[in-house]
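Open the model in your viewer and keep the selection tool ready. The stops below go from cysteines to a charged side chain and then to the nonpolar interior.

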Amino acid sequence: MSIYPGANESEVEVDGDVVPYVDSVRSKGEPRPIVLVHGSGGTARSHFGALFPMLASRRRVIALDYGSVPAPGRELTLDALVAKVRAVLDDAVPGEPVDLVGYSLGAVVSIALAAERPERCASLTLIAGWLRTDSHQRIRNRVWRTLFEAGSDALGAFAVLNAYSAQYLAKLSPAEAEALAERSSPGPDRARQMRLNAEVDVLEAATRVSAPTLIIGCDHDQIAPPHHSRQMLGAIGDARMARVRAGHAVLTERPAEVYQLVDAFTQRPDEYPAGAHIPPIVV
């Protein structure tokens with residue numbers, strides 16, 4: 001799992017599930033640790049493989065995997081994922097506030113945790129997240145499930161078309177695009193995560209988030225389109241928003257831009273007032 005040289009690898013057990021995490025472990029007295037929470041169908045490595053080393057060059061960074069697949073027939077719940085992140089915090093940084101960064105489903109989990117344990121969340125960054133699953137998302141989710149249950153070879157291609165922007169895919173060779181589709185085949189717990197995605201509703205929790213929050217929305221996101229970022233901006237009291245020209249897979253398409261936004265915000269959360277739209281980064 002390690003995605004940074006010299007990082008410590010640990011694990012905690014939560015309700016019989018093993019939850020591994022990696023910790024860059026820098027010296028005490030440095031800025032607060034950043035904790036990364038990945039999204040559906042991913043891992044700390046697959047979603048934060050580029051962002052983790054950039055952040056860890058200056059900060060202590062902790063990233064977890066959701067862990068072992070629950071026993072057959074055991075449904076995945078948002079509360080279960082929140083409990084896993086909370087257990088990692090209690091194990092790695094007991095009692096300390098952290099800068100929490102959630103991507104996609106990880107943003108949903110992070111909202112719930114920040115509302116439940118405000119004393120542990122010094123700041124919150126939500127990347128390509130959403131508050132409440134809408135009809136557009138349910139239709140896409142239903143198509144995904146139909147392809148999955150049929151064992152269709154088209155599932156990887158469907159995932160790629162939804163996750164990446166047209167601009168990004170247009171730059172790939174046919175061989176590179178095909179390889180990307182093959183790598184996008186679902187993992188062993190993706191079906192349960194997709195069922196959870198179809199029923200997300202953390203709107204009420206978002207209204208209770210008190211931490212300064214950065215929302216990173218993606219202009220070409222087809223999984224959590226930009227109107228979801230605007231909804232988060234309206235629901236969270238101390239939130240500001242940045243927009244990136246990328247699809248949902250922004251951590252692959254524009255990792256350096258995301259790094260600049262997260263690094264600047266976690267160092268100076270009050271640089272932009274609540275409700276502000278942060279100017280785009282010139283690249």
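Each stop names what to select and what is there. This is a predicted model, in which local features need pLDDT of at least 70, side-chain atom pairs count only at pLDDT 80 or more, and totals for chains, interfaces and linings use all residues. Residues are numbered from 1 along each chain as its sequence is written, and side-chain values use heavy atoms, with hydrogens and water left out.

**Cysteines.** The structure has 0 disulfides (a disulfide being a pair of cysteine sulfur atoms within 2.5 Å). Select Cys121: its nearest cysteine sulfur belongs to Cys218, 20 Å away. Why is Cys218 not bonded to Cys121? At 20 Å, the sulfurs are too far apart for a bond. Cys121 is buried, with a relative accessible area of 8%, and Cys218 is buried at 2%; buried means under 20% relative accessible area (1.4 Å probe, protein chains only).

**Asp65.** Next select Asp65, in the loop between β4 (61-64) and α3 (78-92). Helices (H or I, at least four residues) and strands (E, at least two) are DSSP runs, numbered from the N terminus. Asp65 is buried but has no salt bridge, that is, no side-chain nitrogen of Lys or Arg within 4 Å of a carboxyl oxygen of Asp or Glu. The nearest side chain of opposite charge, Arg45, is 7.8 Å away. Add Ala44 to the selection: the Asp65 side chain reaches its backbone nitrogen at 2.7 Å.

**Nonpolar cores.** A nonpolar core is a set of buried Ala, Val, Leu, Ile, Met, Phe, Trp, Tyr and Cys residues joined through side-chain atoms within 4.5 Å. The largest has 51 residues, and Leu64, Leu78, Val109, Ile111 and Leu126 have the most contacts inside it. Apart from that core lies another, of 31 residues, including Val22 and Leu261.

Terms used: Buried < 20%, exposed > 50% of the residue type's maximum accessible area, 1.4 Å probe, protein only. Lys, Arg positive; Asp, Glu negative; His and termini not counted. Polar contact = N/O pair within 3.5 Å; in protein donor to acceptor, adjacent residues only side chain to side chain.
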